[in-house]
Protein chains: 2
Amino acid sequence: MDTVRNAKFLVDLQPIGRRIEVDGETDLLTAAQKAGVDLVAACGGVGICGTCLVRLMSGELTPPTLTEQDLLSTAQLEQGYRLACQAFPRSSVRLEIPLESLPSAQKMQIEGEESIVQIDPAVVALDVTLSPPNLYDLRSDLTRVNQKVTSAGFSPLQSELALLDTLSHRLREQGWMARLAIRPQEGCSHLTGVFAPATPLMGLAVDIGSTKLALYLIDLEGGATLACCGVMNPQIAYGEDVISRIAFANKAPENRKLLQERLIATLNETIGDLCRQAAVRHEQIVDAVFVGNTAMHHFFCGLPVTQLGASPYVPAVSEALEVRAAELGLKTSSGAWVYLPPNIAGYVGADHTSALLATLAMSKAEKAKVLVDIGTNTEISLITCERIYSCSTASGPAFEGAHIRDGMRAAAGAIENVHLRDGRVEVVTVGGQPPVGICGTGILKAISELRQAGVIDRRGTLKRGAPGVRLENDRAEFLLVPAALTGHGRDIVITRRDVNEIQLAKGAIRAGIEICLEVAGLTVEEVEEWVIAGAFGTYLDVNSALAIGMFPPQVPKERFRQVGNAAGMGAKRMLLSRQQRLFSNEIVQRVEYIELTVYPSFTQKFVEAMYLEGEEEQAE
Amino acid sequence: MDTVRNAKFLVDLQPIGRRIEVDGETDLLTAAQKAGVDLVAACGGVGICGTCLVRLMSGELTPPTLTEQDLLSTAQLEQGYRLACQAFPRSSVRLEIPLESLPSAQKMQIEGEESIVQIDPAVVALDVTLSPPNLYDLRSDLTRVNQKVTSAGFSPLQSELALLDTLSHRLREQGWMARLAIRPQEGCSHLTGVFAPATPLMGLAVDIGSTKLALYLIDLEGGATLACCGVMNPQIAYGEDVISRIAFANKAPENRKLLQERLIATLNETIGDLCRQAAVRHEQIVDAVFVGNTAMHHFFCGLPVTQLGASPYVPAVSEALEVRAAELGLKTSSGAWVYLPPNIAGYVGADHTSALLATLAMSKAEKAKVLVDIGTNTEISLITCERIYSCSTASGPAFEGAHIRDGMRAAAGAIENVHLRDGRVEVVTVGGQPPVGICGTGILKAISELRQAGVIDRRGTLKRGAPGVRLENDRAEFLLVPAALTGHGRDIVITRRDVNEIQLAKGAIRAGIEICLEVAGLTVEEVEEWVIAGAFGTYLDVNSALAIGMFPPQVPKERFRQVGNAAGMGAKRMLLSRQQRLFSNEIVQRVEYIELTVYPSFTQKFVEAMYLEGEEEQAE
């Protein structure tokens, strides 16, 4: 056992993206807790409840205990599922944490696969000690400071007036010593904060999703994520998707302002929470990077959105922006700036630019790859050595459970997995609660199973008379869970219309992929990596997706890589590195945007892509 | 007469600084009106009232008419006084317009002697015509604009968010045509306004005096002053001088904010007035230059002033500042910037920098000159080819009529000239109204006359028993105007204390001059030009000033040049020329600031300088 105690194993928790080094006497539940990941462990880790489920992706663990054999099914054990409180590492391991093992608060997908970035932040600290003025040394406060600043190799400071005020006060309060946060620039540097000596400088990386805001508080010097948080976008109250929010903004001039204010208010509350978690003051936040789709970017900045709601859907601004946080009303240092990387098109925004940046950082440049960032709007990029072919498809909100009769988000009680065995339906729900609806991954899996069982044909029609299919108002529907077994006492069904929603969604994605390949002149086989990003993309069951033809059937499963919130990861990279900001601009220069609505064969490809055929289909 | 009709004569109106070319058949009243200068002409220019008084400084006029011989005294005629409605030019002429010839509204000295500047403004216009977006040209609005901007030779635009909003709207409203106001900079230019094509761009030059604000609305392309206005500084309600305002600001944190808000509010009202006068919209103001003493500069910008109220009196900021007008809340284009030239010291502010700039523009560089900008605080600079020796003296508010028993500002009824003839006192009042008090020029002249008549000795003591001197509570005072002849029915007197106030004021100025000469190692004779600036300086009677020893007695009278609001003139120059902004920074580099309070012989020199001795004294 001494070997085990002295050994150091790396435990890699995916898709959260946290890593920790532990010895062989540390169980995985403790390891996860040490890494800052709280797993559901209703019994407190004593092996009774079976809720701390993890799945071994690679590496070696101690063999399953009797407790595990008791609480887990043979199928689960075969698939590598383990109880974290029972398993100890015997090598470095990579673990998948299923959604249901995370407490609800953590279920919003805000983490992505991390990759290392050389730290070179846009804002750096300079500690200065000055001689105080006297009647023979009458230099002004700023002159006094600037002489230190320039002798440290920076251009002289230009500053927000509010910060010049703080500067004079702090110098006198702190005995003519201060830590300055400097944003170096050619010609004149910006002073972004004035602090007591040695105060750590913080940065903020934010992904503004239409549905969800993901915020990361980062130590600018070391690059560590000190706190992160995912919250709902408050604009949802004014429209589920960007189109309806643009329509709302168009109704009255004050509406756009309202959407901006609501967003900023929620961001500020969340910044407050993050700062409390990390025990820092919000004034320590001296730099920020915000990414979002073009509409969110424009709402956040207070830019006009009317033109985003009508053909030809052009952004007001596609260029990278540098905006003072004070102008936006953000709760940061009054001198902080916000960097927003460039938008690509009206429906391929700065969040995709950021996701491209993260994707390119994760794997070799020469590999051709496809990035699919799945959301209400799915952005697709085919990345080759030289060019990047990007398009956007309206995949709709079906994957988030919307427009599905019994659809719901991946909250407690949502069916997220479905097995059809000999006509019997088995379902797995989030949190193991009695089923109350079906989430995106669940509906995808259900359709894939129904298709494989022949209950649904390739057009998406439910075969009348097939097991489980019944007629309701002369329309066929499949009974997934009868009322008696549900949490709310109502049948949970899958209707023809539900199937059609999924067909539209996956068809849009598939057609986009096919057109990118066509424009680039590449075959499916030539694409060496398929990167699936976005909240839904993280929990997507690739087998189901292939089964229903969301992706070309000939893609080998091992080429898929589910990376989580790639946009957020890219934002962090840009926060920590000026080089990465420059790189984001270079990336956008490489993009050839494909406007699908004017692409000649789009309609035909879309219709073909709606058929439910995957690799299994070919065997039929 | 045909020769006269065809001749073109330049009529130069001083100290207003307006010029106009007229023929020999245009009387001076009409000429002044054409130049935009309204003279008091109670009778409407028919030669009855005698109010349109002007004084010929150089050039030739038609001989005095019988009307003039009737209405003007022989002394007035000898001194070159004429009635503008009666005189016609016979050559180009330079005229002095006495204060009383201007309607009250124009009596605030806001104009200075103009000199030509090569127009090279910091903000320029670019008219663009763009092709609208379509499905095959999806460039963002800003990209579309930037391609025009960069092909016109500018760096790409960085902009206030509010203006990016306006940009998108205006492009669509105006059929994809617009006039852009661009502030070119290395790396990225600033967009400071978006207009309909061909909209004229405006600039604002402002001198923030402790007492008075002088605002000039300037056409940035042609350089013409379209409107100007002088208003009282509303901060007067919180303290007559900067020291008492700093004390007020120190009392409570919100007080400084209040002083700033009151100032900005008055500036905004006045900007509104100027715009109405010139029939432009305030959004057309795309650039501004503000000058003021260091305290006014700091109050305006919201910088800390506490350290200006205590030794060693250092500014928070001495560097030139570029501040967004929106940050200050100024009523201009939302993208406009404000330029503030550098402050020199705690009591030699950006207004003096600006006055130095104007002074250097007015005469040859190689001439050694003294600039004296007289106010509550008087800044003195001795300018040599290489260096500029500057100091500041607390001359106090006596010249503005404060701290003088019957003192008042130069408003209607203020005694502004005094003659003692054979024991008889003759007074001239502003606007010819019955006397109600005595203004700065009046008290100076009175003391000079009393000193010459031997009523006051060189220590400032009123000789008991001299004509007009009476005892009141055992203190000697001189009866200037008995109650029966005044507008308010009370005696107007000059007390020993009044004389002492003037001695302190003139002594401070004289001592400053002497010390500058000493530090520079120059004699009085080596100084070729004595430039007197500031509101009071304009109306200063040089003879009286020499008589009481405000200036060294050996200065020949013709070396004096009274230039009016030199600070305002410098601000205009910087508004119209980027070169002048650079020059203002170079000027400050040349300044050697002399802190009088630590100058070894200051006290001795100050005491000596208080004696009432001028050149006339030597004859005694």
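Begin in chain B of this predicted model by selecting S6(B) together with strand S8 (residues 177-183), which pair in the antiparallel sense over 6 bridges. Within this pairing, colour Val124(B) and look across to S8(B), where Ile182(B) stands opposite.

Now widen the selection to the whole sheet, an open one in which 4 strands of chain B follow the order S6-S8-S9-S7 with mixed pairing. At its edges lie strand S6 (124-129) and strand S7 (157-159) of chain B, each of which pairs on one side only. If you look along the sheet, the twist from one strand to the next averages 45°.

Add the helices next. Helix H5(B) lies across S6, S7, S8 and strand S9 (189-195) of chain B, and its course runs at about 130° to S7(B). H6(B) also packs on the sheet, where it touches S7, S8 and S9 of chain B, and its direction makes about 45° with that of S9(B).

Keep these two helices highlighted and bring chain A into view. Which elements of chain B give two or more residues to the side that touches chain A? They are helix H5 (141-151), helix H6 (161-173) and strand S14 (321-324) of chain B, and the largest share, 5 residues, comes from H6(B). The contact as a whole takes 38 residues from chain B and 38 residues from chain A. Coloured by class, the side of chain B that touches chain A shows 18 nonpolar, 12 polar and 8 charged residues.

With both chains still displayed, superpose chain B on chain A: a rotation of 180° with 0.1 Å of shift along its axis achieves this, with an RMSD of 0.3 Å. The two copies are therefore related as by a two-fold rotation axis. The same surface serves both copies, since 100% of the contact residues of chain B recur in chain A.

For the last stop, hide chain B and select helix H11 (residues 350-362) and helix H16 (residues 566-576) of chain A, whose axes come within 7 Å and cross at roughly 80°. That crossing makes H11(A) roughly perpendicular to H16(A). To see the contact itself, show the side chains of H11(A) that take part, among them Asp351(A), Ser354(A), Leu357(A) and Thr359(A), and those of H16(A), including Ala566(A), Met569(A), Gly570(A) and Arg573(A). By class, this contact of H11(A) with H16(A) has 8 nonpolar, 3 polar and 2 charged residues.

Conventions:
Residues are numbered from 1 along each chain as its sequence is written. Chains are lettered from A and ligands numbered from 1 in the order in which they are written. This is a predicted model: local features need pLDDT of at least 70, side-chain atom pairs count only at pLDDT 80 or more; totals for chains, interfaces and linings use all residues. Two residues are in contact if their C-beta atoms, placed from the backbone, lie within 7 Å. Ala, Val, Leu, Ile, Met, Phe, Trp, Tyr, Cys and Pro count as nonpolar, Asp, Glu, Lys and Arg as charged, and the others, Gly among them, as polar. Copies are superposed by least squares on the C-alpha atoms of residues with pLDDT of at least 70 in both. Two strands pair if DSSP finds at least two bridges between them. Axes are lines fitted to C-alpha atoms, for helices over the stretch in contact, and angles run from 0 to 180 degrees between N-to-C directions. Angles under 35 degrees count as roughly parallel, over 145 as roughly antiparallel, 65 to 115 as roughly perpendicular and the rest as oblique.
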